[in-house]
Amino acid sequence: MEETGVGIVGWIPLLPLLGFLLLISVPLVSDRELPEKATAIIGVGSVGLAALLTGLLAATHFAGNAGATLAVSLWQWLSVGGLQLGFDFYLDWLTLVMLSVVTGVGFLIHLYSAGYMRGDSGYRRYFAYLNLFVCAMLLLVLADNLVLLYLGWEGVGLCSYLLIGFWYRDPANGAAARKAFIVTRIGDTAMAIGLFLLFNEFATLNIRELIGALSSAQPNDATITLAALLLLGGAVGKSAQLPLQTWLPDAMAGPTPVSALIHAATMVTAGVYLIARMHPLFVLSETAMSAVAIVGALTLLLAGCSALVQSDIKRVLAYSTISQIGYMFLALGVGAWSGAIFHLITHAFFKALLFLVAGSVILSLHHEQDIFRMGGLRRKIPFTFICFLIGCACLAALPFTSGFYSKDQILLSAWNFHRGFNGIWLAGVVGALITGLYSFRLLLLVFFGREGSASAHCEDANRPVMTLPLVALAVLALLGGLLAPPLQSVFGAAGGHAPMWVEAIAIAAPFVGIAIACWLCLYRRTPEKAPSTLYKLWYSGWGFDRLYDTLLVRPFVALARLNRNDIVDRFYSGTAAASRQLHGLISLSQNGQVRWYMATLAVGTILFLALLVAL
Amino acid sequence: MMLSITLPAIIAVLFLGGILAWLAERWKDGASRWVALLSLLLASILLAGYWPQFTDASRVGLWWDSLQLSWIPRFGITFFLALDGLGFLLLALTLSMGLFGLAATWRDIDFRRGFFYFNYLWTLAGVVGVFTAMDLFLFFFFWEVMLVPMLFLIAIWGYEQRLYAAIKFFIFTQASSLLMLIAIVALVFLHYNASGQVTFNYRELLAAELSPTAGYWLMLGFFIAFAVKLPALPLHPWLPDAHTQAPTAGSILLAAILLKTGAYGLLRFTLPLFPEASIAFAPVAMAIGAVSVVYGAVMAFAQRDMKRLVAYSSVSHMGFVLLGLYALNTIAIQGAVMQMIAHGLSTAALFALVGALQQRLHSRDMDELGGLWAGLPKLSAVALFFAVASLGLPGLGNFIAEFLVLVGSFDSGRWVTVVAAIGLIGAALYALLMMQRVFFGEAKKINTDGLLRDLNGRETVALLALAVGLVFLGLRPQGVFDTAEPAVAGALQRIDSALAEKSRDAVPLATSNAHSTEARWPHSNPEGGISP
């Protein structure tokens, strides 16, 4: 449908792209560095304008119209032998929700960054990368075909790499960045193969055409299952789910606002978006659906346990992110598409808030991240404390916070999906308990109890430009539960009820966790004992890093090093050496002594004659 | 309008420019590079004469231009040049990379300049000839012409082990082109036996009826010659040495252009001349391509020498070309064509960057480099761009190429494609490791002498032009596909009719078998001149 406002859509990703281009082209025109203020205006302004345009779009096209869609065709990308790809955008409510989260939360985090990164020598580079990230993420959610989606998908991966390794002088940051890129690329390659398979099967990669073709496909067909599993491979890589979750905790090497934007609110939820977008494919395969649910359930439990024992404030939040995305996968696996997306939204609010607050804490303590050196901070930085409290309450899904509504919906769907008690639901409930436990353990260790060694030097580092995003996110995190978007037009209606006691358990679970946390942290805060084996296992993220290192990384590197001089080349240099030897051997016969020549001549003649006679 | 003398004029401008450059250097120091620049510009202007054909969406027929002159009538050898869309793309690549190589290394050569630019232009002239010759004898002639000056470029102006590398390069290419020569002569001879007519004309040889065995052996002769050039496993060992030891401008020519002659030869000659044999051989060739992709990536990962890393990455990238060509469908072959161009741009830029570093730091050893970003922000950012292009980031030309190759070849061989797709992970490994070891990390001692200067205007403009080109190829690639389409379709038509024939043999209801491709080729006109 051709309507006014269509032009707006193209500008939404274009603005951050222009911001990026402006920022990187500074060295071409001037040798002087751009002032921080100008950089911030370009970097923050471009995303702010994109957010405004998204709001405008929502108001003009989507408000009050639950079934609204919008298709925008920019140009034909390529058309080769039956493969037609357009640079086309498609918007429905799901897209709009993602657009709003990316530009809205993105804008707030950009604004916060303008204060947080002040004084960094790479200020301009930081905002250039961040703008490029927003552009790529917008392309990802706007894409009308899977290849354009893949473009955004890889683009956000690149920006994630660049921003994790932003402080490039420390090789550890570089290693974390490469790990993130390569681990996700393993998933991406699976996804690419999935695209090849889909094209081979349906002769299109346009999402709507694929969904149309799927409506007449046979359920549980082997090819469809395989394609869904391959896409799931891409999703688990990007969203840091089992077995490709190992990169996310290390990704905390980047600046904290980056962790908030990329590694909590937006990029890592791309896998959830992909599966939700392609849900007609997944529902056709029971195997794929169960796989999604099991991956989600396992991940949320394993990552939750790891979050329980971390000592770095950002790593606790990283494991918590993995665990919360596990909830979203669990929801997807039980067909609760709206629930998954709802949790994606609320999680974006409260996890972005938690990361930004963590950034303020870290800055206030002069770059201290060890929670055992914190403590008692609630009096010193009360504003930060209140924000963190709100974030933790949402994370633990306490009633009337946004996290409560979304998590409740997921647990309800899990119960209903298998018509009663089942393992997936149980995992969700146990996970809720663990979430309450680790979130309040973090809160109590940082803000309550005795002052730690770093707390003495605490001074509030919140600049005004950082306060505003924190307030906005805190409000969103509290009231986001009222924002449940009308996604029925995309996913169909959902609903169902569960017995009272099931609801009660779901509500009670986080409180039990909080109670345990209080008991452990406030009343039993004993000096460190020697850590148990289980503690060490959880602390290391269940030893996955070590496993992959032994099984994959080291053999590969050893093999590559071993063959550094190219075994194939050996064959040729062997040939060369052999002919040189032969040459030496034969040239021995040319020694200038006539009797030798006479003798060989005679022997040769005799042999020749003998040969003649024999024949 | 047909500019039928344009093609020989382009070649002549380069040949004569080479001689003039040599002479000019005796007259004045540094004049040779201006002569080289002017002759390249003149050749580019001549090529730009085909712009109307390039932009004309409604153009019909395969050939844009051709010229055929009698040369050695006794053996049916003619001076037959012709240009089609594929040829135009490759000529455009050749001349623009020639200009880029010149600009990127403007002040690098400090001795025997005249002779350097003589060889530089003669290599280019040979390549232009290779891309336009439609007589197999003439093709072979140009094939040799481009090698010898290249040999001098490596042997005289190269780095530490230049002589070793030059000889290796020469032996590999000479041995393999000998095979091709034998195959050409045998093909002509077999055609003569069947038809009573001696000819080296490509168009007429296409009609040669070969027994399956003969076709297979001749196909192998051509294939090996082109596979060495490409290079494909296990015929690649000349490449790391030649690329690493060649002077920067030579590496650019080698990687951006000379490797493409192998791919071009496969598409123009091997596939259409021997369709049955190519179909039979395709699974092997695809497997070689996929293994090259992975092997090249692993080898690149293991290198210490930055230039050698880039060289091995070429093995990996050209593996995609081989895979795509032998997938024998439009999508994959178009992907291979795109890869020729995109790889030309990205690798030329990477070699220019390594050359720029070598000139500034006198080292290519990545154990000695490190932390350059702080001192050379512009150079590092540009290197980041091309490293990312090399690992196939969507939005850039290399992605379009590799994606199409993989989509197309998935149809022909699933497991082979999966193996090649794993190469995408390998590309990320080596490209990011290179970024880390050279540009990130703590600055090493070698860089702190305060004499570091970032990219100057000339280098920046040259490199940014390639970057823009790659972005354009990544976002608006359709022009390339439309231009290459007739040549790709022509080759595939031969394959398809061979396939049809094969299935007709299986089902004994065969009737006639007319080659419908005939009408697509230009009329051979001994007077010279004009195609339909």
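# Exercises on a predicted two-chain model

With 24 C-beta neighbours inside 10 Å, Leu473(B) counts as buried. Keep in mind that this is a predicted model, and let's start with that residue.

## Exercise 1: Leu473(B) and its surroundings

Work out where Leu473(B) sits, why it counts as buried, and which residues it is in contact with.

**Solution.**

Step 1. Find the element: Leu473(B) belongs to helix H19 of chain B, which covers residues 457-475.

Step 2. Apply the cut-off: a residue is buried if 20 or more other C-beta atoms lie within 10 Å of its own. Leu473(B) has 24 such neighbours, so it passes.

Step 3. Look for partners, skipping the neighbours within four places in sequence. That leaves Met338(B), Ile341(B), Ala342(B), Gly397(B), Ile400(B) and Val480(B) in contact with Leu473(B).

Step 4. Try a pair: from C-alpha to C-alpha, Leu473(B) and Val388(B) are 15 Å apart in space, while 85 residues separate them in sequence.

## Exercise 2: Two helices against H18(B)

Helix H18 of chain B (residues 414-438) packs with H16(B) (residues 377-390), and its axis also comes within 8 Å of that of H12(B) (residues 275-302). For each pair, decide: roughly parallel or roughly antiparallel?

**Solution.**

Step 1. Take H16(B) and H18(B). Their axes are 9 Å apart and the packing angle is about 170 degrees. Angles over 145 degrees count as roughly antiparallel, so that is the label for H16(B) and H18(B). Their crossing is right-handed.

Step 2. List who makes this contact. H16(B) brings Leu384(B), Ala387(B) and Ser390(B), and H18(B) brings Ala427(B), Ala431(B), Met434(B) and Met435(B). Sorted by class, that's six nonpolar, one polar and no charged residues.

Step 3. Now take H12(B) and H18(B). Here the axes cross at roughly 20 degrees. Angles under 35 degrees count as roughly parallel, so H12(B) and H18(B) are roughly parallel. H12(B) passes H18(B) in a left-handed crossing.

Step 4. Check the residues again. Among those from H12(B) are Met286(B), Gly289(B), Val293(B) and Phe301(B), and those from H18(B) include Val416(B), Gly423(B), Tyr430(B) and Leu433(B). The classes come to 17 nonpolar, three polar and no charged residues.

## Exercise 3: Odd spots in the backbone

Find two cis peptide bonds in chain B and two residues of chain A with positive phi that aren't glycine.

**Solution.**

Step 1. Recall what to expect: most residues other than glycine have a negative phi, and most peptide bonds are trans.

Step 2. Go to chain B. Leu230(B) and Pro231(B) are joined by a cis peptide bond with omega of about -5 degrees. A cis bond also joins Leu233(B) and Pro234(B), where omega is about -5 degrees. Pro231(B) is in the loop between helix H9 (212-229) and helix H10 (238-245) of chain B, and Pro234(B) is found in the loop between H9 and H10 of chain B too.

Step 3. Go to chain A. Ala203(A) has a phi near 60 degrees and lies in the loop between H7 and helix H8 (207-214) of chain A. Phe400(A) has a phi of about 75 degrees and lies in the loop between helix H17 (382-395) and helix H18 (402-417) of chain A.

Step 4. Now exposure. Residues with 12 or fewer other C-beta atoms within 10 Å are exposed, and those between the exposed and buried cut-offs are partly exposed. Ala203(A) has 13, so it is partly exposed. Phe400(A) has 10, so it is exposed.

## Exercise 4: Chain A, inside and at its contact with chain B

Describe the make-up of chain A, then say which of its elements gives the most residues to the side that touches chain B.

**Solution.**

Step 1. Count elements: chain A has 26 helices and two strands. Its C-alpha atoms fill a box of roughly 110 × 60 × 60 Å along the principal axes.

Step 2. Check burial: 56% of the 615 residues in chain A are buried.

Step 3. Split the chain: chain A is divided into domain 1 (290-525) and domain 2 (565-614). The centres of these domains of chain A, taken over C-alpha atoms, are 82 Å apart.

Step 4. Turn to the contact between the chains, which takes 37 residues from chain A and 42 residues from chain B. On the side of chain A, the elements giving two or more residues include strand E1 (70-80), helix H6 (146-164) and helix H7 (171-202). H7(A) gives the most, with 13 residues.

Step 5. Sort that side of chain A by class: 20 nonpolar, nine polar and eight charged residues.

Technical notes
Residues are numbered from 1 along each chain as its sequence is written. Chains are lettered from A and ligands numbered from 1 in the order in which they are written. This is a predicted model: local features need pLDDT of at least 70, side-chain atom pairs count only at pLDDT 80 or more; totals for chains, interfaces and linings use all residues. Two residues are in contact if their C-beta atoms, placed from the backbone, lie within 7 Å. Helices (H or I, at least four residues) and strands (E, at least two) are DSSP runs, numbered from the N terminus. Ala, Val, Leu, Ile, Met, Phe, Trp, Tyr, Cys and Pro count as nonpolar, Asp, Glu, Lys and Arg as charged, and the others, Gly among them, as polar. Axes are lines fitted to C-alpha atoms, for helices over the stretch in contact, and angles run from 0 to 180 degrees between N-to-C directions. Angles under 35 degrees count as roughly parallel, over 145 as roughly antiparallel, 65 to 115 as roughly perpendicular and the rest as oblique. A crossing is left-handed if the near helix is turned anticlockwise from the far one by less than a right angle, and right-handed if clockwise. Domain bounds come from an automatic or database domain assignment.
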